[in-house]
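Trainee: I'm new to this one, so could you walk me through it? I'll ask short questions as we go.

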Amino acid sequence: MLNDYVSYNNDDEFKKILEDIFTNEFMQKYTNLENFEAFKYSSAVMCTWDSPRLVYSKTLLDGFVRESSQFDTWDEMVVTATDQRFGKN
């Protein structure tokens, strides 16, 4: 199984963006979880959230997203959260 990864830059900007877009309100509205911290904890088997790179199996993470949210994919969840946070919705 191939893994995807996202390299964080030195100031952890990507991590901050994820924390910013996945508000408690968003997570409670669209997922079965209370907050993004719970999402990260629940998906820790599939993702390395606290390492210098976010390493994950797209197939497994998409499956987790389907099971725990109203979205079909991680990408769809990120786009929706970003659009809502920055006013495109």
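What follows is a chat about confidence, salt bridges and helix contacts.

Mentor: Ground rules: this is a predicted model, where local features need pLDDT of at least 70 and side-chain atom pairs count only at pLDDT 80 or more, while totals for chains, interfaces and linings use all residues. Residues are numbered from 1 along each chain as its sequence is written, and side-chain values use heavy atoms, with hydrogens and water left out.

Trainee: Which element has the highest confidence in the protein?

Mentor: We go by pLDDT, the predictor's confidence in each residue, from 0 to 100. The protein has a mean of 85, with 87% of its residues at 70 or more. Helices (H or I, at least four residues) and strands (E, at least two) are DSSP runs, numbered from the N terminus. Strand β1 (residues 4-7) is lowest at a mean of 56, and the highest, at 97, is helix α2.

Trainee: How many salt bridges does a search of the whole structure find?

Mentor: To count, a side-chain nitrogen of Lys or Arg has to be within 4 Å of a carboxyl oxygen of Asp or Glu. With that rule, the search of the whole structure gives five.

Trainee: Which residue forms a salt bridge with Glu 19, and is that partner buried or exposed?

Mentor: The partner is Lys 40, with the closest N and O atoms 2.8 Å apart. This pair links distant parts of the chain, since Lys 40 sits in helix α3 (residues 36-42) and Glu 19 in helix α1, 21 residues apart. Glu 19 has a relative accessible area of 40%, so it is partly exposed (buried is under 20%, exposed over 50%, partly exposed in between, with a 1.4 Å probe and protein chains only). At 13%, the partner Lys 40 is buried.

Trainee: What separates Lys 58 and Asp 62 along helix α4?

Mentor: Their side chains meet in a salt bridge, 3.2 Å from N to O. Lys 58 is partly exposed at 32%, whereas Asp 62 is buried at 9%. Because they are four residues apart in helix α4, the separation is about one helical turn.

Trainee: Which residue in helix α5 meets Lys 58 in a salt bridge?

Mentor: Look for a 3.3 Å N to O pair. Lys 58 is in helix α4 and its partner is in helix α5, so the bridge ties together parts 17 residues apart in sequence. The partner is partly exposed, with a relative accessible area of 39%, and its name is Asp 75.

Trainee: How are α4 and α5 oriented to each other?

Mentor: The axes of α4 (residues 58-68) and α5 (residues 74-85) come within 8 Å and cross at roughly 60°. Axes are lines fitted to C-alpha atoms, for helices over the stretch in contact, and angles run from 0 to 180 degrees between N-to-C directions. Angles under 35 degrees count as roughly parallel, over 145 as roughly antiparallel, 65 to 115 as roughly perpendicular and the rest as oblique. The two helices are therefore oblique.

Trainee: Which residues does Asp 20 touch, leaving out those up to four places away in sequence?

Mentor: Asp 20 is in helix α1 (residues 13-21), and counts as partly exposed at 28%. Contact means heavy atoms within 4.5 Å. By that rule, Asp 20 touches Arg 85 and Phe 86.
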